[in-house]
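User: Hi! I am new to reading protein structures, and I would like to learn how to read a few features. Could you guide me?

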Amino acid sequence: MAKGTALVTGASSGIGAELAKLCAADGYNLILVARRREQLAQLASAIGAQHGTQARVVTADLSDPSAPPAIFAQTGNEGIDILINNAGFGVRGAFHQTDWTEEARLLQVNVASLAHLTKLYLPGMVRRGSGRVLNVASTAAFVPGPFMAMYYASKAFVVSFSHAVANEVKGTGVTVTVLCPGPTRTEFAAAAGLEDTQLFRGPAMSAEAVAREGYAAMLAGRAEWIAGAGNRWMMRGARLIARTRLAEVARKLNSST
């Protein structure tokens, strides 16, 4: 018997795929959501073969505002026990030069769809008196991000939103956790055009390591977890530095080497 069902967005690769594997290893059936059906199907097959759990594929583009209700219409009756909002992407460039259409897509994926999916699945969890939500943000949430202004701001929303909702559901049996990774070895850097920056020239965690920490924090009911001891120390220090100075540091990290 499965423990329940976990829904994971952005599950086709990286942190999302690793979180899905951890859910399966822990005995949860899976609903895997992303745009790329072939990669999802391969992951679902591998998970089923290794863990004997069921993994269902739902292809959806979360940059489309109609995607969250469409996903819920397909899965809402299944009693989702874990919701992992992992899907997200970045856009690099000076804000006055970047394409608004792409940045509007970013806001829809990183902010609106994450909040909408939480809005759809959270009431059922509260009614049942159990459930876990894990929202994947970033250490970018804690600093201003020149040349990635919209991405950094979107992750600041995820942190603030997650803490607020975590407080609201205290005592209901439901927990909300926000995971904040630093630079991580995934497809994100290439997709955002960051491979030639100082940010990704330095040390980066593996997606597997980030997922392990985030999954443990979710199970422990933590409101927030910054992945990696080094990242935790840096973010503690960042709280003591003026935001104008932090912006200068981020500008250098997001610039080409």
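Analyst: Happy to help; we will go from the overall fold to rings and then to charges. Please keep in mind that this is a predicted model.

User: Let's begin with the whole chain. How many helices and strands does the protein chain have?

Analyst: There are 10 helices and 9 strands in the protein chain. The C-alpha trace spans about 50 × 40 × 30 Å along its principal axes. Buried residues account for 49% of the 257 residues.

User: What radius of gyration would a compact globule with 257 residues have, and what does the protein chain have?

Analyst: A compact globule of 257 residues would have a radius of gyration near 18 Å, and the protein chain has 18 Å, so the two agree.

User: Now the rings, please. How is a pair of aromatic rings described?

Analyst: You give the distance of the centres and the angle of the planes. Searching the whole structure finds 3 aromatic pairs. One of them joins Tyr151 and Tyr152, with 6.2 Å from centre to centre and 80° between the planes, an edge-to-face pair. Both Tyr151 and Tyr152 are buried.

User: Why is the pair of Phe157 and Phe161 called stacked?

Analyst: Look at the angle: the planes of Phe157 and Phe161 are at 10°, with the centres 5.5 Å apart, so this pair is stacked. Planes under 30 degrees apart count as stacked. Phe157 and Phe161 both sit in helix α5, 4 residues apart, which is about one turn of the helix.

User: Are Phe157 and Phe161 buried or exposed?

Analyst: Phe157 has 31% relative accessibility and counts as partly exposed, while Phe161, at 18%, counts as buried. The cut-off for buried is under 20%.

User: And charges? When can side chains of opposite charge pair?

Analyst: They can pair when their charged atoms come close. This structure holds 6 salt bridges. In one of them, the side chains of Asp26 and Lys3 meet at 3.0 Å, N to O. That pair links distant parts of the chain: Asp26 is in the loop between α1 and β2, and Lys3 is in the segment before β1, 23 residues apart. Lys3 is exposed, with a relative accessible area of 53%, whereas Asp26 is partly exposed at 23%.

User: What about Lys21 and Glu18: how many residues apart are they in helix α1?

Analyst: Lys21 and Glu18 are 3 residues apart, so about one helical turn separates them. Their side chains meet in a salt bridge of 3.3 Å, N to O. Here Glu18 is buried, with a relative accessible area of 19%, and Lys21 is partly exposed, with 35%.

Notes. Residues numbered from 1 in each chain as written. Predicted model: local features only at pLDDT ≥ 70, side-chain atom pairs only at ≥ 80, totals over all residues. Heavy atoms only, no water. Phe/Tyr/Trp six-rings, centres within 6.5 Å; stacked < 30°, edge-to-face > 60°. Buried < 20%, exposed > 50% of the residue type's maximum accessible area, 1.4 Å probe, protein only. Helix = DSSP H or I, 4+ residues; strand = E, 2+ residues; numbered from the N terminus. Rg over C-alpha atoms; globule rule 2.2 N^0.38 Å. Salt bridge = Lys/Arg side-chain N within 4 Å of Asp/Glu carboxyl O.
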